[in-house]
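Hi everyone, thanks for making time this morning. Let me put the structure up, and then we can walk through it together.

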Amino acid sequence: MKKLIRICCIAAIVLAFNMTAFAAETFVIGVAPHTSARVILEMYQPLRRYLEKTLGYTVDIVTAPDFNEFARRGLAQDYDLAVTTGHQARLFQTDAGYIPLLTYKADFKAVAIVAAKGPIKKPSDLKNKKVLGLSSASLVTLWGQHWLEYNGIRSLPIKYVSASDSVAQLVAVGEAAAGFTSLANFQKLSPELRGQLRFLVESRVMAGRVYVLNSRRTSERKKIDAALWSFATTPEAKKYFEANKLGGYRKLKTKELNSMDRYAAETRKVVQGKVR
Amino acid sequence: MKRLSLWHSIRVRLLLLAIGVELVMLTLLVANSLRLLHVAMTDQARWQVQQMMPVLNAALKAPLAQRDFATVQAVLDESRATEGIDYVVVDDHEGRTLGASGWQAGQKLPEPSRKLPPLSFSTMQRYDEILPIVQSGQQLGNLHLGLNLSRIVSARRMLLTQGGG
């Protein structure tokens, strides 16, 4: 009996110690660098504050210098929760065991933008012209490369710019003939800048930003998932969804991410250094 | 006998009194100048730090949010290009060093110099300050900076020696 009490006491102490250590740790949310770091931090503050309050962890929002680095870090298990485009979410799922949780209701589309009063009227006008993308592992850039190939256009090698607002600025001032960005990021540009641009082409709907949970957090999946859904009902979340035209959260359809396999494979090559 | 008569002379007494008053006045004058210099220099050190900190803070926010520690290190190294800064260190909220220039790894970082005590000023060669790096309410880290005070201290020493001499 004494022995049993002793074992129970030791177990209780070990459990209490582990719980204290766990409560003190930081929950890292990695957000793909679809815009500037400052804007990302500002955008995700309501979520950070809500999760801190609900889950009781210290929550940090972090991003990366570019999509390639973001993918590398995600695969290296740097994030507890990653918010990234469908193809990287699929890569994280297949190669690093992340669990897809949810996505936004708003459709995600890639667009090719050109200067409204510029000389580019049809895809073939881009022949031997400078085209901009976000980075070689970003979904809009990969889509853009496929679109150029599909149309048989040999543009100059795609130049990579760190943020989509910079892509728009450079295209508007004529520094590049065209640029690839997401429709959501295009809609976030100032009305003046949007007025100087137009779409050359718009993609079909693709899996947009997806929330994927690191498998080391599997035991807390229900709690985290519930916290995300309850966040969606708060006024702060509604304001955030409205400001960013995201429409709220929705569950992922079965095998929805599988359509991203082709792009995920290309990102894998980039991350492994097989492509520039 | 002669000395006694000198001491009893009213002229000698007045002369000694005048010299005494002058010495007291000179001491007060130098002490006050040192006090004023101390206040002015302290304000200048604080002002200099207040000018530098927001600029460094702004330069560090994006690389910290991106966890781009190579850029953090480059910003810190460049900020020490002039001789005014002894060290500059960035650590996270758990105290892990994310970048450091002019500071040895593992060495405990100093507490901020809230005010510079006048008496220790001559021995104090550095003004230390800490500023949290915050973006949209999220603390990205802390900026530790040590401003070199050697020029201020040498100015004080010069006033003391030349003002007294």
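**A quick tour of two chains**

Let's start with confidence: this is a predicted model, and chain A has a mean pLDDT of 88, with 90% of its residues at 70 or more. Where in chain A is confidence lowest, and where is it highest? The low end is helix 1 of chain A, residues 2–24, with a mean of 52, and the high end is helix 10 of chain A, residues 221–231, at 96. Please look at residues 14–23 of chain A too: pLDDT stays under 50 there, and the model has 1 contact beyond four places in sequence for that stretch.

Now to the sheet in chain A. It is an open sheet of 5 strands with mixed pairing, and the order is 7-6-8-5-9. Strand 7 (159–160) and strand 9 (197–202) of chain A are at the edges; each has a single partner strand, so one side of each has no neighbour in the sheet. Helix 7 of chain A, residues 164–172, packs on this sheet, where it touches strand 5 (110–115), strand 6, strand 8 (178–182) and strand 9 of chain A. The direction of that helix makes about 150 degrees with that of strand 8 of chain A. Back at the strand 7 edge, strand 6 of chain A (residues 131–133) pairs with strand 7 of chain A in the parallel sense, over 2 bridges. If you want to find the spot on screen, A:Gly133 stands opposite A:Tyr160 in strand 7 of chain A.

Next, the inside. Which residues touch the most other members of the largest nonpolar core? That core has 94 residues, and the answer is A:Ile113, A:Val171, A:Ala178 and A:Val212. Domain 1 (2–107 + 207–271) and domain 2 (110–202) of chain A both contribute residues to this core, so it lies between them. Zooming in on A:Ile113, its contacts beyond four places in sequence include A:Ala168, A:Val171, A:Phe186 and A:Phe199.

Over to chain B, for another open sheet. Here 4 strands are ordered 2-1-4-3, with antiparallel pairing. Strand 2 (97–101) and strand 3 (126–135) of chain B are the edge strands, each pairing on one side only. Strand 1 (residues 85–91) and strand 4 (residues 138–148) of chain B are joined by 6 bridges, and B:Val88 has B:Leu145 as its bridge partner in strand 4 of chain B.

Finally, helix 3 of chain B, residues 69–79, lies across strand 1 and strand 2 of chain B, at about 25 degrees to strand 2 of chain B.

Conventions: Residues numbered from 1 in each chain as written. Chains lettered and ligands numbered in written order. Predicted model: local features only at pLDDT ≥ 70, side-chain atom pairs only at ≥ 80, totals over all residues. Pairing = 2+ DSSP bridges. Contact = placed C-beta atoms within 7 Å. Axes fitted to C-alpha atoms, helices over the stretch in contact; angles between N-to-C directions. pLDDT = per-residue confidence, 0-100. Core = buried A, V, L, I, M, F, W, Y, C linked by C-beta atoms within 7 Å. Buried ≥ 20, exposed ≤ 12 C-beta atoms within 10 Å, placed from the backbone. Domains from an automatic or database assignment.
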